[in-house]
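Reader: I would like to learn how to read a structure one feature at a time. Could you take me through this one slowly?

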Amino acid sequence: MNNKVGRILIIGSGLAGSCLALELLERGQDILLIDNQFENSSSRVAAGLLNPIVPKGVRKTWQCDILFPALFSYYRRWEQRLNTHFIDSYPFLNIHANEGESLEWEKRVLDPEMEDWLRRGDESAYAFLTQEPATWVNHCGRLDVSTFLQSVQDHLTQRNQYRIEQFHHDDCAKTKDGWRYAGEFYDAVVFCEGIGLLNNPWFNDLFMDPTGGDILKVHIPNIGSNPMIIKQKQWLVPTHEADVYLLGSNFHKNNLSTEPEQKDAEALLARAAQITGQTVTLLAHRRAIRPTVQQRRPYLGEHHTEKGLFVFNGLGAKGSSLCAWLSPMMAENIVNHVPLDAEVDIQRFT
Ligand SMILES: Cc1cc2nc3c(=O)[nH]c(=O)nc-3n(C[C@H](O)[C@H](O)[C@H](O)COP(=O)(O)OP(=O)(O)OC[C@H]3O[C@@H](n4cnc5c(N)ncnc54)[C@H](O)[C@@H]3O)c2cc1C
């Protein structure tokens with residue numbers, strides 16, 4: 001489109017579609033966002049934890065050095081534009097589960113590569129909680145995903161650029177210059193459907209390995225007046241309500257159900273009680289499916305034959321941090337044909 005004003009249809013207002021909509025608006029594009037409001041979508045259930053460390057091997061997450069320095073300023077910019085609050089930075093305490101884990105983290109804390117990311121000390125800040133060895137992880141926080149999505153939806157609704165409806169792929173047809181859907185013409189259609197990709201006739205050849213996960217909202221009194229994220233395998237993330245935390249998560253392979261099961265709640269509640277030594281009261285239990293993909297590398301780009309059809313998907317368990325990097329990249333690709341990062345470009349499969 002080379003920076004001309006294009007008419008762009010986006011399917012799905014999860015993290016991918018919502019961030020992309022803002023980026024395209026900023027580039028002067030005329031957009032319409034359609035979403036079916038599935039209440040247990042990945043983004044509507046996600047905790048929004050922003051954590052730069054992968055526990056296995058105590059490594060930096062993929063693209064950490066690109067993602068995290070810009071992450072908070074990215075969402076704060078949208079907070080200002082949308083006049084809403086949805087991003088918080090919190091101290092993150094990783095309590096070691098056993099001696100082996102302690103040794104591994106101790107070694108990594110001393111590695112110069114991790115200097116900016118891990119730190120020891122401030123034991124008094126968590127002595128009330130545990131006597132176990134623990135490490136602080138820097139640059140962490142939480143995106144309140146539901147609030148963010150709702151503020152984007154409200155913003156677009158005011159501009160008449162948001163519709164609540166099911167998108168039917170069969171009704172989307174190619175024309176001489178682009179694509180037609182429900183009697184309107186578009187230069188591009190961008191699919192940000194999460195696991196809805198499985199039903200997409202143009203992109204369902206992209207391998208998806210969906211992974212279910214549970215999140216509980218819990219009440220835990222007396223775990224400190226300074227809010228912090230606490231992790232020992234499972235994590236507790238503060239919310240804006242006093243003594244109310246999000247507790248998660250787990251991984252259900254090969255199970256697309258979003259129906260919560262009591263046994264999962266019981267297991268997570270028992271873990272939280274063990275970590276905090278407090279009485280943990282269940283307030284809510286939800287389950288959703290992460291759009292997890294092969295080798296954890298997202299899927300971005302234009303269809304190899306059907307020009308004008310794009311995909312933005314495969315954010316897996318890291319949508320909140322990945323979107324800050326990938327959404328501007330996707331928008332620049334659609335509007336100005338700027339090449340995508342080779343690791344995320346779906347051209348890697350052709
Ligand atoms: C339990 C759990 C915990 C998580 N915790 C975190 C976390 O702490 N930190 C983090 O970064 N990530 C987390 N994630 C992952 C994160 O939620 C995902 O990476 C992200 O939400 C994916 O966003 P998306 O926009 O690609 O997909 P989705 O959120 O699935 O959005 C797709 C949207 O498209 C709509 N849609 C699909 N098909 C159609 C159609 N045909 N017509 C109309 N609308 C349609 C859906 O209803 C939905 O609204 C978690 C996920 C789960 C399940």
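**Reading helices, strands, domains and a ligand shell**

Author: Let us begin with a helix, keeping in mind that this is a predicted model. Helix α1 covers residues 15-26, which makes 12 residues, and from its first C-alpha to its last it reaches 17 Å, close to the 16 Å expected at 1.5 Å a residue.

Reader: Is α1 largely enclosed or largely open, and why?

Author: Burial is judged by counting neighbours: a residue is called buried if 20 or more other C-beta atoms lie within 10 Å of its own. By that count 11 of the 12 residues of α1 are buried, so the helix is largely enclosed by the rest of the structure. The buried residues of α1 include L15, A16 and G17 towards one part of the list, and also L20, L22, E23 and L25. Just after α1, G28 takes a positive phi of about 75°.

Reader: How should I read a sheet, and which strands stand at the edges of the one with β13?

Author: Strands of a sheet pair through backbone hydrogen bonds, either parallel or antiparallel. Here an open sheet of 3 strands has the order β12-β13-β14, and its pairing is antiparallel. The edges are taken by β12 (173-174) and β14 (184-186), each with a single partner strand, so one side of each is left without a neighbour in the sheet. Strand β13 (residues 179-181) is joined to β14 by 3 bridges, and W179 has Y186 in β14 as its bridge partner.

Reader: What is the order of the strands in the open sheet that contains β10, and where are its edges?

Author: That open sheet also runs antiparallel, with its 3 strands in the order β3-β10-β6. Its edge strands are β3 (49-50) and β6 (87-89), each of which pairs on one side only. Between β6 and strand β10 (residues 141-143) there are 3 bridges, and S89 stands opposite G141 in β10.

Reader: Which strands are joined to β19 by bridges?

Author: Strand β19 (residues 244-248) is joined to β16 by 5 bridges and to strand β18 (residues 234-238) by 4 bridges, and in both cases the strands run antiparallel. Y245 in β19 has V218 opposite it, and P238 also stands opposite Y245. In the hairpin of β18 and β19, 5 residues lie between the strands, and D243 takes a positive phi near 60°. Since 4 of the 5 residues of β19 are buried, the strand is largely enclosed by the rest of the structure.

Reader: How is the chain divided into domains, and how many residues does each domain give to the contact?

Author: A domain may be made of several stretches of the chain, as the domain assignment shows here: domain 1 is 7-45 + 146-207 + 294-349, and domain 2 is 88-141 + 209-290. Their centres, taken over C-alpha atoms, are separated by 31 Å. The contact takes 9 residues from domain 1 and 9 residues from domain 2, and the side of domain 1 that touches domain 2 has 4 nonpolar, 5 polar and no charged residues.

Reader: Where does the ligand lie, and why?

Author: Both domain 1 and domain 2 give residues to the shell around the ligand, so the ligand lies between them. There are 41 residues around the ligand, and the closest are G12, G14, G194, G196 and G319. Among the elements that give two or more residues to this shell are α1, β16 (211-219) and α7 (319-336). By class, the shell divides into 17 nonpolar, 20 polar and 4 charged residues.

Notes: Residues numbered from 1 in each chain as written. Predicted model: local features only at pLDDT ≥ 70, side-chain atom pairs only at ≥ 80, totals over all residues. Expected span 1.5 Å × (residues − 1). Pairing = 2+ DSSP bridges. Domains from an automatic or database assignment. Contact = placed C-beta atoms within 7 Å. Nonpolar A, V, L, I, M, F, W, Y, C, P; charged D, E, K, R; others polar. Near = placed C-beta within 6 Å.
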